[in-house]
Amino acid sequence: MLSALSHAQALSFFSHSFLCLSTSPKTARSAPAMSASVVRIVIVGDVHDDWDLQEDSKALQLLKPDLVLFTGMFSSPFLFINLILLGACIFVFFSDGFILFAPMPLGDFGNENVEIVQSVAELEFPKAVILGNHDSWKTQEFSGNLGEEHVAYRRLDFPTLKLSIVGGRPFSCGGQQIFRKRLLSARYGVQDMDESAKRIYKVALGTPDDHLVILLAHNGPSGLGSEPNDICGKDWGFGGGDHGDPDLAQAISLLKETTKLCIPLVVFGHMHKELAYGNGLRKMIVVGADSTIYLNGAIVPRVKRLIDEQGTDSSSVSNKTSFSRPDSKGTIRAFTVVEILDGRIDKIAERWIIVVGDTTTLQEEHILFKYSS
């Protein structure tokens, strides 16, 4: 379990002097020394079909990332408000109020968007990707286009940035049960949570001594709260509950207890910022007692349309995420930006970028975390 956590609220400032702590005093050490230059990481949260290589590349050129992280969920197989699992059954709640009841399928399901994964592979920025719970057999077959950038149970080192990205379990759906068990067994030889935790732990062990470690997973670790609006809290059904991944929590705890690795940041998605049934917004960031930051990048939908109104210069914003129409004037695209300075997390912000033709501008910024000495 992850203990003694504080929730970081939007537009709040913190005074955490980053020190990689451990339960064993012998293994405690300070963050690796880095140059005074800023390392900028841009996170693209759950895509859900909202990805356009040309438009997102323009926005990223404005943000100037050194590294781009994708939390997965490239497909949107169902158009629904929420999906509830009760025992061996599925309840799908559609936007028109219709409720579908069906037995839980034994195999994989979903209409995977392989084209988007291929498009992400073509992005001309350094990147790391983890596949989500709707990115399954078909997507996995084509994930070879990502090469080593698909970091499921892998480590990707960036020597010039002094960073290593350690990937968690792919295809996670959250909670206590292994999702896509047949696929995980066939592709990775992973049968249960313990084996998964060990795989994550082992790939992190080879991290260069002077690197910071950033964990990238589709879903966050368990132990971060059980209220519906907590960072991995269940916001469907009744009573909330912790929907985090126990294998990821186990791996993080083991790494902190037995190694000298410096883990300032854990990045994930899956649990959408907008809560089910219009019940408000989720807490998207948590700062641990040892100053590790847990960051949820799942801003869904991540694209809004700027609609030209009757040919005038005025425009309005549409939350609809359908493909561009002839009257579309442009888009507003969401990213989460992390800045690392001198080996510590300096600033985290949610940024919305307007893209109209070849013009890009920052529409708004919501500061989630700011280091203060």
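This report walks through the fold, the packing and the ring contacts of a predicted model.

**Overall picture**

The protein chain has 373 residues, and 55% of them count as buried. Its secondary structure comprises six helices and 20 strands. If you look at contacts between residues at least 6 apart in sequence, 68% join residues at least 24 apart.

How confident is the predictor, on average, in the protein chain? The mean pLDDT is 80, and 71% of the residues score at least 70. Two stretches deserve a cautious eye. Across residues 77-111 the pLDDT is below 50, although the model gives this stretch 61 contacts beyond near neighbours in sequence. Residues 320-327 also have a pLDDT below 50, here with twelve contacts beyond near neighbours in sequence.

**Nonpolar cores**

In soluble globular proteins, nonpolar side chains tend to be buried together. In this model, the largest nonpolar core holds 61 residues. Which of its members touch the most others? They are Ile41, Leu69, Ile165, Ile214, Val338, Ile340 and Ile348. Strand E13 (residues 262-268) supplies the largest share of this core, with six residues. Another core lies apart from it and contains 21 residues, including Val44, Val117, Ala121 and Phe335.

Two of those names, Val117 and Ala121, lead on to helix H2, where both are among the buried residues. This helix spans residues 114-121 and is largely enclosed by the rest of the structure, because six of its eight residues are buried. Besides Val117 and Ala121, the buried residues of H2 are Val114, Ile116, Ser119 and Val120.

**Aromatic pairs**

Searching the whole structure turns up two aromatic pairs, set out below.

| Pair | Geometry | Centre to centre | Angle between planes |
|---|---|---|---|
| Trp51 and Phe70 | edge-to-face | 5.3 Å | 75 degrees |
| Tyr153 and Tyr188 | edge-to-face | 5.4 Å | 70 degrees |

Where do Trp51 and Phe70 sit along the chain? Trp51 is in the loop between strand E4 (38-44) and helix H1 (53-63), while Phe70 belongs to strand E5 (residues 67-70). The two are 19 residues apart, and their pairing links distant parts of the chain. Trp51 and Phe70 are both buried.

The tyrosine pair makes a link of its own. Tyr153 is found in the loop between helix H3 (137-142) and strand E10 (155-158), and Tyr188 in helix H4 (residues 181-188), so this pair ties together parts that are 35 residues apart in sequence. Are these tyrosines buried or exposed? Tyr153 has a relative accessibility of 3%, so it counts as buried. Tyr188 is buried too, because its relative accessible area is 15% and the cut-off for buried is under 20%.

**Charges over rings**

Two basic side chains also meet aromatic rings. Lys304 places its charged end over the ring of Trp352, at 4.5 Å from the ring centre. Arg344 does likewise with Tyr371: its charged end sits over that ring, 3.8 Å from the centre.

**Cysteines**

A disulfide is a covalent bond between the sulfur atoms of two cysteines. How many disulfides does the structure hold? The count is zero. Cys173 has a relative accessibility of 17% and therefore counts as buried. Cys232 is buried as well, with a relative accessible area of 0%.

Definitions and conventions
Residues are numbered from 1 along each chain as its sequence is written. Side-chain values use heavy atoms; hydrogens and water are left out. Rings of Phe, Tyr and Trp (its six-membered ring) pair if their centres lie within 6.5 Å; planes under 30 degrees apart count as stacked, over 60 as edge-to-face and the rest as tilted. Helices (H or I, at least four residues) and strands (E, at least two) are DSSP runs, numbered from the N terminus. Buried means under 20% relative accessible area, exposed over 50%, partly exposed in between (1.4 Å probe, protein chains only). A charge sits over a ring if NZ of Lys or CZ of Arg is within 6 Å of the ring centre and within 35 degrees of the ring normal. A nonpolar core is a set of buried Ala, Val, Leu, Ile, Met, Phe, Trp, Tyr and Cys residues joined through side-chain atoms within 4.5 Å. pLDDT is the predictor's confidence in each residue, from 0 to 100. Contact means heavy atoms within 4.5 Å. A disulfide is a pair of cysteine sulfur atoms within 2.5 Å.
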